[in-house]
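This report describes the pockets, the cysteines and the strand pairing of one model, with the terms explained where they come up.

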Amino acid sequence: MNEGLAPCDALVRRHGVADELLDASWEVGRLVLDPRYRSSPEALKRCLLLPLVHLMKQMPVVNVFASCTPVLSRLYRRFGFSVLVKDAAQDAEGSYSLIHGRTPDMLRALVAGDAEKRMAEEILAMQEASMVLPC
């Protein structure tokens with residue numbers, strides 16, 4: 001983000017999102033799932049966890065943004081996001097919320113089981129040690 005390339009860049013500017021939320025920020029784009037997996041929150045968790053872990057191992061990531069329908073924003077809250085702006089955008093199909101998540105909150109919400117929890121804490125400790133994440 002912050003390069004004018006991500007669709008959320010325009011929403012962030014339009015709604016005056018605080019500058020500190022833009023540090024090391026990335027946008028989660030469209031997620032397309034086969035209809036047979038759409039009713040499984042566990043499938044969505046995996047689809048968010050795997051790229052987040054990969055990205056965090058490669059570069060500093062502190063803030064994650066996305067836009068989604070109000071119905072999906074309730075689901076994303078389970079994964080560490082919160083709604084920044086409820087009606088951030090409108091189109092012919094309806095209203096969209098601007099959502100934001102901090103990577104520590106997201107990572108902890110997305111992992112399952114002791115092994116993944118340990119992996120998440122190791123990643124967070126490495127980023128904290130390199131001063132990417134605030135203590």
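## Pockets, cysteines and strands

The second largest pocket encloses about 210 Å³ of space. Of the 13 residues that line this second largest pocket, E27, V28, L48, P51 and L52 are the closest to its centre. The model is a predicted one, in which local features need pLDDT of at least 70 and side-chain atom pairs count only at pLDDT 80 or more, while totals for chains, interfaces and linings use all residues. Residues are numbered from 1 along each chain as its sequence is written, and side-chain values use heavy atoms, with hydrogens and water left out.

A pocket is an open set of points, on a 1 Å grid over the protein atoms alone, where a 1.4 Å probe fits and protein lies on both sides within 12 Å along at least five of seven lines; lining residues have an atom within 4 Å of a point. A volume is the space filled by probe spheres set on the points, which are joined across faces, edges and corners.

The largest pocket has a volume of about 680 Å³. Of the 22 residues lining the largest pocket, R30, L31, C68, L72 and Y76 are the closest to its centre. The table gives the linings by class, where Ala, Val, Leu, Ile, Met, Phe, Trp, Tyr, Cys and Pro count as nonpolar, Asp, Glu, Lys and Arg as charged, and the others, Gly among them, as polar.

| Pocket | Nonpolar | Polar | Charged |
|---|---|---|---|
| Largest pocket | 14 residues | 4 residues | 4 residues |
| Second largest pocket | 10 residues | 1 residue | 2 residues |

Helices (H or I, at least four residues) and strands (E, at least two) are DSSP runs, numbered from the N terminus. The lining of the largest pocket takes at least two residues from each of α2 (41–58), β2 (63–68), α3 (70–77) and β3 (81–91). In the second largest pocket, α2 gives the largest share of the lining, 5 residues.

The structure holds 0 disulfides (pairs of cysteine sulfur atoms within 2.5 Å). The sulfur of C8 lies 9.2 Å from the closest cysteine sulfur, in C68, too far for a bond. C8 is buried, at 0% relative accessible area, where buried means under 20%, exposed over 50% and partly exposed in between (1.4 Å probe, protein chains only).

Because 5 of its 6 residues are buried, β2 is largely enclosed by the rest of the structure. Strands β1 and β2 run parallel and are joined by 3 bridges, with E27 opposite F65 in β2; two strands pair if DSSP finds at least two bridges between them.
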